[in-house]
Amino acid sequence: MAIINCPECSKEISDTTKKCPHCGYSLKKKRKKMKKGIKIALITSVLVIFLGAGFFLTYEYYIIPHGIYVEAEALLNKNEFDKAIAKFESIKDYSDSENRILETWYKKGLAYCQKEDYENAVFAFKYAGNYNDAKEKLAESETERQKKEERLEYLKRLDTMETAYHLCNSPNTVISDDNKSITVDSTNEYDYISLEDIGVIATELGFPDYLISEMSQTNALMGRRSETIGHYKVDWSFHPDNGLDVVFMLVD
């Protein structure tokens with residue numbers, strides 16, 4: 001037992017007393033009110049905790065991802081594909097972000113196709129997976145890339161023909177308007193400048209040394225001869241009066 005002061009008259013009483021002997025104040029009601037207040041405080045605390053946790057989860061798993069999602073969409077609309085992909089990747093589990101990643105790669109591939117950058121288009125469509133007609137676009141881009149590469153290689157070969165011609169010195173060496181053939185029309189068997197041009201051209205086009213030597217040793221009895229090495233062909237013949245006549249050609 002402990003001594004306490006009565007909440008009403010402040011006189012000393014036992015803590016087990018249900019009613020103050022001095023003023024008649026009921027301590028039982030006071031204790032009920034205190035217990036009720038404690039219960040309300042506990043319930044309020046629990047509700048605050050739950051509400052706080054709910055707000056945190058909402059903020060963490062909806063508000064933040066939704067904001068990033070909106071930013072990613074805005075970047076996609078501005079064709080800032082790499083930034084949009086990075087944003088969608090960071091919230092991959094939110095809404096339809098995974099599908100939006102595929103969509104962004106797909107649109108990136110289309111943008112590369114418009115620029116005729118088929119190498120990067122192929123790369124983009126591969127990452128677009130099964131989105132829309134990405135597989136068909138991938139096949140088309142691969143075909144266009146191959147055509148472009150072949151075209152570039154062909155232009156390089158034309159440039160090689162032109163380079164070979166510009167290394168020549170004889171006025172009897174002529175290149176066609178389309179750069180597809182070079183003709184060396186020697187004046188006679190002693191036209192050494194033309195013979196030098198033949199050697200220069202053959203070397204530049206990648207013909208082996210043995211063939212150059214064979215050409216220089218051709219006689220009239222051998223008739224007209226030809227040889228194809230890689231993408232280039234050479235026709236030649238010899239006549240004592242006209243010398244060695246040679247035509248170098250680019251094979252399509």
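Lys107 and Glu103 stand four residues apart in helix H3 and are therefore separated by about one helical turn, and their side chains meet in a salt bridge with an N to O distance of 3.0 Å. A salt bridge here is a side-chain nitrogen of Lys or Arg within 4 Å of a carboxyl oxygen of Asp or Glu, while helices (H or I, at least four residues) and strands (E, at least two) are DSSP runs, numbered from the N terminus. The model is a predicted one, in which local features need pLDDT of at least 70 and side-chain atom pairs count only at pLDDT 80 or more, whereas totals for chains, interfaces and linings use all residues. Residues are numbered from 1 along each chain as its sequence is written, and side-chain values use heavy atoms, with hydrogens and water left out.

**Salt bridges**

- Glu103 also meets Arg100 in a salt bridge, at 2.6 Å from N to O, and these two residues, being three residues apart in helix H3, are likewise separated by about one helical turn.
- Glu73, Arg100, Glu103 and Lys107 are linked in a network of salt bridges.
- Within this network, Glu103 is buried, with a relative accessible area of 10%, and Arg100 is buried at 12%, whereas Lys107 counts as partly exposed at 34% relative accessibility; buried means under 20% relative accessible area, exposed over 50%, and partly exposed in between (1.4 Å probe, protein chains only).
- The structure holds 11 salt bridges, one of which joins Asp82 to Lys108, with the closest N and O atoms 2.5 Å apart.
- Because Asp82 lies in helix H2 (residues 81-90) and Lys108 in helix H3, this pair ties together parts that are 26 residues apart in sequence.
- The two partners differ in their surroundings, since Asp82 counts as exposed at 51% relative accessibility, while Lys108 counts as buried at 9%.
- As a general point, side chains of opposite charge can pair when their charged atoms come close.

**Helices with a buried face**

- In helix H4 (residues 118-127), the buried residues are Tyr118, Ala121, Val122, Ala124 and Phe125.
- Seen down the axis of H4, these buried residues fall within an arc of 170° and so line one face of the helix, the arc being that of the directions from the helix axis to the C-beta atoms.
- The face of H4 turned away from its buried side carries the exposed residues Glu119 and Lys126.
- The cover over the buried residues of H4 includes helix H3 (97-114) and helix H5 (134-166).
- H4 is followed by Gly129, whose phi is positive, near 60°.
- In H2, the buried residues are Phe81, Ala84, Ile85 and Phe88, and because they fall within an arc of 100° when seen down the helix axis, they line one face of H2.
- The face of H2 turned away from its buried side carries Asp82 and Lys83, both exposed.

**Surface**

- Tyr190, Tyr192 and Leu195 form a nonpolar patch on the surface, with about 350 Å² of accessible area together.
- Patches are made of residues with over 30% relative accessible area and no salt bridge, where like charges are joined within 9 Å and nonpolar side chains (Val, Leu, Ile, Met, Phe, Trp, Tyr) within 5 Å.
- Tyr190 has its place in the loop between strand E4 (181-185) and helix H6 (192-204), and this residue is exposed, with a relative accessible area of 55%.
- The accessible surface of the protein comes to about 16400 Å², of which 54% belongs to carbon and sulfur atoms; accessible areas come from the Shrake-Rupley method with a 1.4 Å probe, and for residues only the protein chains shown count as cover.

**Overall fold**

- The protein has seven helices and seven strands, and from the N terminus on its elements run β-β-α-α-α-α-α-β-β-α-α-β-β-β.
- Buried residues make up 30% of the 252 residues.
- Among contacts (heavy atoms within 4.5 Å) with a separation of 6 or more, 36% are accounted for by residues 24 or more positions apart.

**Confidence**

- The average pLDDT, which is the predictor's confidence in each residue from 0 to 100, is 86 for the protein, and 81% of the residues score at least 70.
- Among the elements, helix H1 (residues 27-77) has the lowest mean pLDDT, at 65, and strand E3 (residues 173-175) has the highest, at 97.
- Over residues 51-59 pLDDT stays under 50, and for this stretch the model has four contacts beyond four places in sequence.
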